[in-house]
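Please look at the sequence and the structure shown below before reading on. The report that follows starts from a single residue and then widens to the strands and to the whole chain.

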Amino acid sequence: MKILIIDKRKQHAELEKMLKEGFANPVDLYHATTEHRAFDRIRRETFDIILVAVYSATGSVLETIRHLLQISPSSAILVSAIVPTIRSPFKPCIRARKII
Amino acid sequence: MHQGAQDYLIRHQLNSHALARAVRYSLERHRAQAQVVYQAQYDQLTGLANRSVFFDRLNFALARCNRTQTAIALLFLDLDHFKKINDTCGHEHGDMMLKTIGHRLRQSIREIDTGARMGGDEFAILLEHIASVDDVKTVAQRILEHIARPIAVNGRQLAVTGSLGITIYPWDCANAQELLKHSDSAMYRAKAQGGNRYQFYIAGLQTGSIDVELQRALANDELCLYYQPQLDLQTNTIIGMEALLRWQHPLQGLVGPMHFIPRAEENGLIIPIGERVLAMAARQAKLWRQTDGTVPPVAVNLSVHQIQEPSFPATLKRVLEAVNLPAQALQLELTERHLFQETNAVLDTLRTVKAMGCSLYIDDFGTGYSSLRYLRAFPIDGIKLDQSLLHRVPDHVNDATMLRAVIALGKTLGLHVIAEGVARQDQVDFLHEHGCDAIQGFWLSSPVPAGETPRWFSGDRDCALCG
């Protein structure tokens with residue numbers, strides 16, 4: 001299984017560690033620290049899962065997901081929300097806020 | 001998730017177990033979604049696009065065509081006698097054949113093209129960015145050949161052929177539904193001719209597209225002349241050649257004038273077409289004169305719109321001078337129904353043309369008002385009797401009497417009388433017996449291209465016929 005983590009704040013190590021622990025079989029892990037690098041990579045390779053780390057609830061997240069779907073329709077997209085302050089109706093973030 | 005993400009995670013609640021579970025769940029959900037989408041868009045048996053996707057792509061391709069000024073071809077394929085295979089071998093065998101044919105269809109087209117199963121044994125193929133009609137023909141032939149190869153089904157060798165109907169946008173100016181309908185009708189023509197072949201949709205007869213097509217025909221020199229001889233019944237020699245317009249359509253083959261001249265008269269293209277015909281006939285007459293010496297005049301049909309143009313005599317003069325041809329080498333024919341719209345200006349034009357040296361004939365005499373006034377008022381040399389006067393001659397007494405009277409009338413007025421549409425020996429005998437000067441029709445020869453006519457000028461009818 002190939003997984004690409006998009007994490008602008010370079011905190012992908014934690015997610016990678018959990019993924020390695022969570023799967024018995026080896027997982028191919030890749031990460032990109034900017035959206036553009038991620039898009040470039042996605043155009044060249046196919047990933048089973050694209051894990052998007054979200055730190056703010058701005059519209060750009062939605063745009064990122066839309067674009068990912070366009071350039072990599074065969075990948076599943078998983079959003080990881082780490083959002084302390086919420087202003088938008090982005091559901092995972094609202095949920096996160098409530099939990100926080 | 002509204003935007004398409006499969007799931008979300010909340011970091012504070014994350015651990016390796018939850019993350020792995022979320023990843024697996026996301027994958028399964030994505031696969032399920034993809035499966036649903038696939039089932040909604042593709043045919044389960046063949047893996048080809050379904051009708052819905054096909055129309056979506058077709059509409060998109062049409063929009064792109066309009067923007068980029070390119071062409072697309074729509075091919076409709078139906079398997080010949082496929083029902084027999086289902087009936088005799090069972091539906092399981094039939095489905096296996098359809099699966100193989102779907103696979104072969106995909107192999108016969110480019111990746112950018114779309115192959116779809118429209119239902120049963122019907123398929124549609126969308127070819128985009130086509131460069132020429134020949135390319136489409138090549139693909140169509142390849143598809144037919146691939147389909148016709150035997151298919152091994154459970155140890156049995158089965159074979160089936162296909163019939164293809166093709167239409168090309170923008171030559172066929174229609175929307176997606178109409179294009180499919182047109183290709184479907186072309187497919188039925190292919191089937192009617194025995195199947196295992198392709199046929200193009202005949203779109204040229206639609207008002208919307210024929211205007212554009214005729215302009216293209218003029219620009220691309222697709223119009224051509226066929227020639228039909230006229231035989232003098234007394235001397236048994238060829239005394240004239242009627243030039244008959246044909247359209248060598250790139251898709252439909254040879255198209256007769258009745259399919260496009262009426263529209264050309266409506267849209268005004270009859271003027272440039274008429275001039276082109278005059279020029280071609282004059283050029284051919286000159287060529288015959290150079291190779292065969294003195295040859296009979298070439299008869300050219302005129303439209304009333306041409307002679308209504310005050311500039312017609314000047315046009316005629318220019319055409320004749322361009323090839324250095326005497327006016328006597330052309331015989332101009334006007335249909336009787338056109339003369340009904342005669343005006344003083346038309347009369348003046350005809351007199352001018354006559355004075356130049358061209359002979360004038362009334363064509364299709366007997367189909368319109370057959371007014372005796374025409375015979376008196378117009379400066380004509382002869383009449384051409386319409387073939388409808390001959391159909392039941394000599395068996396039908398009244399028809400024979402009438403034809404005899406018309407011939408006598410023409411002769412009494414000193415006109416040259418030519419009978420058109422002569423198809424049988426008994427008609428020839430009747431016309432000869434009653435003083436008709438000349439005949440034209442299939443009994444003598446069907447219209448042929450200029451290249452097949454030289455032996456007619458030998459003066460021997462038998463030789464002419466064998467030519």
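In this predicted model, B:Glu333 has a relative accessibility of 1%, and because buried means under 20% relative accessible area, this residue counts as buried. The residue belongs to strand β13 of chain B, which covers residues 330-335. What does B:Glu333 touch, if residues up to four places away in sequence are not counted? Its contacts are B:Gln230, B:Glu242, B:Ala299, B:Val300, B:Asn301, B:Leu302, B:Tyr361, B:Asp363 and B:Lys384.

Two of these names lead on to other strands. B:Tyr361, which B:Glu333 touches, stands opposite B:Gly382 in β15(B), and B:Lys384, another of its contacts, is one of the buried residues of strand β15. In a regular strand the side chains alternate between the two faces of the sheet. Strand β15 of chain B, residues 382-385, is covered on both faces, with B:Gly382 and B:Lys384 buried on one side and B:Ile383 and B:Leu385 buried on the other.

Strand β15 of chain B pairs with β14(B), residues 359-365, in the parallel sense over three bridges, and with β16(B), residues 416-419, in the parallel sense over four bridges. In the pairing with β16(B), B:Gly382 stands opposite B:His416. Between β15(B) and β16(B) the chain passes through helix α15, residues 397-412, and this β-α-β crossover is right-handed.

Elsewhere in chain B, strand β4, residues 122-127, is mostly covered, since five of its six residues are buried. This strand runs antiparallel to strand β2, residues 72-79, and also antiparallel to strand β3, residues 114-119. With β3(B) it forms a hairpin that has two residues between the strands, and B:Gly120 in the turn has a positive phi of about 55°.

The table gathers the strand pairings described above, together with one pair of opposite residues for each.

| Strands | Sense | Bridges | Opposite residues |
|---|---|---|---|
| β14(B) and β15(B) | parallel | three bridges | B:Tyr361 and B:Gly382 |
| β15(B) and β16(B) | parallel | four bridges | B:Gly382 and B:His416 |
| β2(B) and β4(B) | antiparallel | six bridges | B:Leu74 and B:Leu126 |
| β3(B) and β4(B) | antiparallel | five bridges | B:Gly115 and B:Ile125 |

Turning to the chain as a whole, chain B contains 17 helices and 18 strands, and buried residues make up 51% of its 467 residues. Among the contacts in chain B with a separation of 6 or more, 66% are between residues 24 or more positions apart. The chain exposes about 21,400 Å², of which carbon and sulfur atoms supply 51%.

Methods
Residues numbered from 1 in each chain as written. Chains lettered and ligands numbered in written order. Predicted model: local features only at pLDDT ≥ 70, side-chain atom pairs only at ≥ 80, totals over all residues. Heavy atoms only, no water. Buried < 20%, exposed > 50% of the residue type's maximum accessible area, 1.4 Å probe, protein only. Contact = heavy atoms within 4.5 Å. Areas by Shrake-Rupley, 256 points an atom, 1.4 Å probe, with all protein chains shown as cover. Pairing = 2+ DSSP bridges. Right-handed = clockwise from strand over helix to strand, strands pointing away.
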